[in-house]
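Work through these exercises with the model open. Try each task before you read its solution.

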Amino acid sequence: MTETLFLTSDAVADLATPTEYVDAVRDGYRQRGNGAPAQPRSKFFRGDPDGMFTSYAAILPETGAMGGYMYSAGFGATDAWFMTPLFDADSGAPLALLDGASMNPFKTGAAGAVAVDEL
């Protein structure tokens with residue numbers, strides 16, 4: 001069994017600058033364009049209690065990582081929960097689980113910035 005790092009939202013809050021987010025997203029899209037496998041957004045809904053679970057996933061061989069972005073909202077909670085599981089792309093071993101709440105605005109903004117640059 002491998003030890004997997006868990007990083008809280010506070011721990012990842014200052015790990016990257018906005019420019020580094022844009023560069024990482026651009027590189028991920030480039031790898032996807034070169035054939036890296038990815039699963040588009042999947043949304044799952046539940047009633048009683050009402051809630052939604054959403055996930056994205058990709059393998060980025062050049063980066064050496066695979067994983068995704070998942071979040072849940074509703075289910076009687078007053079907030080949404082954002083998680084990013086990361087795995088080694090060669091061995092499949094889990095590397096880390098990140099609380100993605102502090103990353104959410106940056107990753108969303110970075111995707112928009114890449115799109116604007118390409119336009």
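**Exercise 1. Classify Phe53, then find its ring partner.**

Step 1. Take the accessibility of Phe53. Its relative accessibility is 32%, so Phe53 counts as partly exposed. The classes are buried (under 20% relative accessible area), exposed (over 50%) and partly exposed in between, with a 1.4 Å probe and protein chains only.

Step 2. Note what kind of model this is. It is predicted: local features need pLDDT of at least 70, side-chain atom pairs count only at pLDDT 80 or more, and totals for chains, interfaces and linings use all residues. Residues are numbered from 1 along each chain as its sequence is written, and side-chain values use heavy atoms, with hydrogens and water left out.

Step 3. Apply the ring rule. Rings of Phe, Tyr and Trp (its six-membered ring) pair if their centres lie within 6.5 Å; planes under 30 degrees apart are stacked, over 60 edge-to-face, the rest tilted. The count by this rule is five aromatic pairs.

Step 4. Look at Tyr21 and Phe106. Their ring centres are 5.1 Å apart and their planes at 15°, so this pair is stacked. Tyr21 sits in helix α2 and Phe106 in helix α3, 85 residues apart. Tyr21 is buried at 11% relative accessibility, and Phe106 is partly exposed at 32%.

Step 5. Return to Phe53. Phe53 forms a stacked pair with Phe44, at 6.3 Å centre to centre and 25° between the planes. Phe44 is partly exposed, with a relative accessible area of 46%.

Step 6. Add the cluster. Tyr69, Tyr71 and Phe82 form one aromatic cluster.

**Exercise 2. Trace the strand pairings from β3 to β6.**

Step 1. Fix the rules. Helices (H or I, at least four residues) and strands (E, at least two) are DSSP runs numbered from the N terminus. Two strands pair if DSSP finds at least two bridges between them.

Step 2. Start at β3 (residues 51-60). It runs antiparallel to β4 (residues 65-74), over ten bridges. Phe53 stands opposite Ser72 in β4. In the hairpin between these strands, Gly64 has a positive phi near 85°.

Step 3. Cross to β5 (residues 81-88). Six bridges join β4 to β5, again antiparallel. Ser72 stands opposite Trp81 in β5. Six residues lie between the two strands, and Phe75 in the turn has a positive phi of about 55°.

Step 4. Go on to β6. Five bridges join β5 to β6, which run antiparallel. Leu86 stands opposite Ala96 in β6.

Step 5. Finish with β1 (residues 5-7). This strand pairs with β6 (residues 94-99) in the parallel sense, over three bridges. Leu7 stands opposite Leu98 in β6.

**Exercise 3. Place Leu95.**

Step 1. Locate Leu95: it is in strand β6.

Step 2. Classify Leu95. At 40% relative accessibility, it counts as partly exposed.

Step 3. List its contacts (heavy atoms within 4.5 Å). Leaving out residues up to four places away in sequence, Leu95 touches Thr4, Leu5, Leu86, Phe87 and Asp88.

Step 4. Set it against Asn34. Leu95 and Asn34 are 61 residues apart in sequence and 24 Å apart in space, C-alpha to C-alpha.
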